[in-house]
Every structure is written in structure tokens, then in C-alpha cells.
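Visitor: I'd like to learn how to read a few features off a model. Could you walk me through them, one at a time?
Guide: Sure, let's put it up and start.

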Amino acid sequence: MAQLKFVDVNKVYPNGYHAVHDFNMEIGDGEFICLVGDSGCGKSTTLRMIAGLEDITSGDFYIDGVRANQMSSRDRGIAMVFQSYALYPHLTVYENLAFGLTLEGVDAEVIEEKVQATAKILGLTDYLERFPRALSGGQCQRVAVGRALIRKVNIFLMDEPLSNLDAKQRVTMRSEIKQIHRSVGATTIYVTHDQTEAMTMSDRIVVMKSGGYVQQIGTPYELYFYPKNLFVAGFIGEPPMNFIRGTVNGGKLEAYGLNIDLTPVVKDVKSIEGRAVVFAFRPEAIKPDKGAASYEIKSKVELTELLGDTTNVYATVGSEEKVNIILKVNPHRAPETGSDFTFYVPHTAAYVYDAETEEIVENDIERR
Ligand code: ADP
């Protein structure tokens, strides 16, 4: 296990591209951290700096309190799984899995035990004698994951390891990797563009935005219920959060025929008078009935999608100018396409962001 610490870490590539800006974070022993964000936001670059595969342009990086900027990859105690699984084509699955341990001179008996255990976890038991060319892409990726997991290291680095698997396998592998992490305990940094993967696997998530800017670091719970800015609010959650833009007039949001009193959800409503703001709520946070302390919003249903446990309702708010929203409702009470649908947003589920700074407007709401 290892503790990692980043102090003002920056990466500027030789061509001048500034890929990571002022990365600051402390990662505890055995934590499972996901770096998440759209393609090109600097996730892999950050991972590669941890691995020692990219120089750190400025700032300090520590492993267990020791400055590691110049430490060789080999001395960092890491195992890495890449998107592209670099398996040895001339070795069987068994030999691929055993390779690292064999190099380290581990007893054949111990290797046998570990290979069998790893293969079992990854569903590779029946493929141990096969060569990579006789495996599907998903199976190859499993071998690559297995090869990293089988070695005893302090830090696991994974770069989109599940992206070549189909949806079902991804879900299975997600929990398998979590289970393995729990039993192995190594500090894990996991790169993904998939927010569901990040939400389900992480102890903490780092949300990054293009240009290599960290937006928020927090537990899945914190990011889901307390997104600090519009980017995180829109990135975490599926379907994404609904945004209704408008201007504050007399403490009320005026937009799309709505007249929403912001007093209950903003600490100092005078401070945002006259400003452009974004009123936000999650599709799944709405209620079909007026409970205590909620906003009533009228919408028109454009389309519904039955998913089984819920129905997604695609609707519009506003008469002349319209804004699209998505609502998740109980399938037994789903409105008809084309109908008017009134729903309620509890004050505790409403967010207000400053449209200019994109930061959340100060409030002291407990979101329960
Ligand atoms: P992500 O993993 O989030 O998709 P990367 O860390 O791979 O993003 O890349 C971040 C940015 O840095 C991208 O815009 C990419 O084009 C750029 N980049 C990556 N590698 C290099 C390089 N060797 N030289 C110049 N720019 C690079």
C-alpha cells in the first residue's frame, strides 16, 4: 500500500501543450481513486506521471512521503493495466499471467495457486492453455487485468481497462475489480470517461475538465449530492441534471414562464439579484405530488421511454421559448406523450449556479 501526494503538479508537453494544471491531492493508503472526465482532459497524462512514464514539468509528487518526481518506474512499486492490452503473443494465458511472478522468482507452487485463483476470478480458467490470438478482445483485456492483479504491488494504475468489454462484462468486472481491490488493498488509480464506472467503484473521484483542470474531488456521494459547479453537476449522474437558465428578479428566477422563488435554496438571495443563474435538479429527484416545501413546475411530455424500473420522460418547459428536460418517474404513473405534466422539485433537491462563474450559489441545504 502507498500514500500519494501531489503538490501543484503540472504537465506541459514538449510541443507546449499544457495538459495538466496545478494538480493537488493526497491519496491515502489503499484508496480507490477514479480520474474521470471527457477524452483529452488529462487523465492518462496524470496516470502516466504517477507511473513515471511522463516527466512532471513542475510541482512535486510524493510516494509515501518521498519525493518521487525522478524515481524510476521500476522503483515505484506499480502495476499498470492499459487500454491496449499488451499480452505476449507467444505465451499462453497461463504463462502471461505467471510472467511477472516467474521473473520475480516466485515458487512454482505459489504461482500455480495464484494463477488459478486469478483465472477463476476473471473467468479465464478454461482458457489458460490458449494463446492470445485465440481469445476475444474482452478475454485479452481480462488477461491484462489479471496480469497486473496477480503481482503484489503497492499501487495499481488502470487506464480504461474495461473499455473493450461489452456492457454486461463491464458490470461484472467492475465488482470483480472492487472485490480484488478489497482483498489486495493496493492504492488504486483508475482512469475512465464513464461516470457510472467512477461512481460505482471509487472511494473518491477526481472530476477533470478539458485543458487538464481538476473540477472537484470527493466521494461519489459528495459529487452526486453536492456538485460544486455546473461542469460536475452536468457530468455526474445519468441522465444528466436538468438546467434551466434565467435571470434573478426580485429574488425569483424568471425564465420560460417560470417564476421560481429562490429564497429557500439560496443563503443570500440579494447577492444574486439581477444575475444570470442556472436552476438545476436531477431527473430522479422530482415528485409526482406536492410534498412539503417544493417547486411546482408544469411541462409538456414529448416522449417517454420505459426502462423497466423507471420511465424516462422527455419534456419541455415553457410555452414560446422552451427548454428540454428529462424526468425519471414511476412507470406505473408515467404520463402520456403529448400530455401536460406537473411535477414537484423539493427545495432540498434544487441547486442554483451562477451562470457566469459556473460555481454553485452559496446555500446551507442538507440534501436528504
Ligand atoms: P485523457 O486521458 O483524459 O483522454 P490525455 O492525458 O491522454 O487525456 O491527453 C490530454 C491532452 O494532452 C490531450 O489534448 C492530448 O492530445 C495531449 N497530449 C497527450 N500526449 C501528448 C504528447 N505526447 N504531446 C503533446 N500533447 C499530448
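Visitor: Where in the strands is the place of Ile 326?
Guide: This is a predicted model, and in it Ile 326 belongs to strand E17, residues 323-329. As a general idea, side chains in a regular strand alternate between the two faces of the sheet.

Visitor: Does Ile 326 count as buried or exposed?
Guide: Ile 326 has a relative accessibility of 18%, so it counts as buried, given that the cut-off for buried is under 20%.

Visitor: Which residues is Ile 326 in contact with, leaving aside neighbours within four places in sequence?
Guide: Those are Pro 239, Asn 242, Pro 283, Val 313 and Tyr 314. Ser 175 is another story: its C-alpha atom is 29 Å from that of Ile 326, with the two positions 151 residues apart along the chain.

Visitor: Tyr 314 was on that contact list. Which residue is its bridge partner?
Guide: Tyr 314 of E16 is bridged to Leu 303. Strand E16 covers residues 311-317, and six bridges pair it with E15 in the antiparallel sense.

Visitor: How many residues sit between E15 and E16?
Guide: Four, and the two strands form a hairpin. In the turn, look at Gly 308, whose phi is positive at about 115 degrees.

Visitor: And how many bridges join E15 to E18?
Guide: Seven, with E15 (residues 294-306) and E18 (residues 340-346) running antiparallel. One pair to click on is Ile 297 with Phe 343 in E18.

Visitor: Now for pockets. What is the general idea?
Guide: You roll a probe the size of a water molecule over the atoms, and that shows where empty space is left. Here, the largest pocket has a volume of about 660 Å³. It is lined by 23 residues, and the closest to its centre are Ala 79, Met 80, Tyr 88, Arg 147 and Arg 151.

Visitor: Which element gives the most to that lining?
Guide: Strand E6, with four residues. Helices H2 (93-103) and H4 (137-149) also give two or more each. By class, the lining of the largest pocket has 15 nonpolar, four polar and four charged residues.

Visitor: What is the volume of the second largest pocket?
Guide: About 300 Å³. Its lining has 13 residues, with Lys 114, Thr 118, Leu 149, Ile 150 and Val 184 closest to the centre. Helix H3 gives the most to this lining, six residues, and helix H5 (167-184) also gives two or more. Sorted by class, the second largest pocket is lined by seven nonpolar, two polar and four charged residues.

Terms used. Residues are numbered from 1 along each chain as its sequence is written. This is a predicted model: local features need pLDDT of at least 70, side-chain atom pairs count only at pLDDT 80 or more; totals for chains, interfaces and linings use all residues. Side-chain values use heavy atoms; hydrogens and water are left out. Two strands pair if DSSP finds at least two bridges between them. Buried means under 20% relative accessible area, exposed over 50%, partly exposed in between (1.4 Å probe, protein chains only). Contact means heavy atoms within 4.5 Å. On a 1 Å grid over the protein atoms alone, a cavity is a set of points where a 1.4 Å probe fits but cannot get out, and a pocket is an open set with protein on both sides within 12 Å along at least five of seven lines; lining residues have an atom within 4 Å of a point. Grid points are joined across faces, edges and corners, and a volume is the space filled by probe spheres set on the points. Ala, Val, Leu, Ile, Met, Phe, Trp, Tyr, Cys and Pro count as nonpolar, Asp, Glu, Lys and Arg as charged, and the others, Gly among them, as polar.
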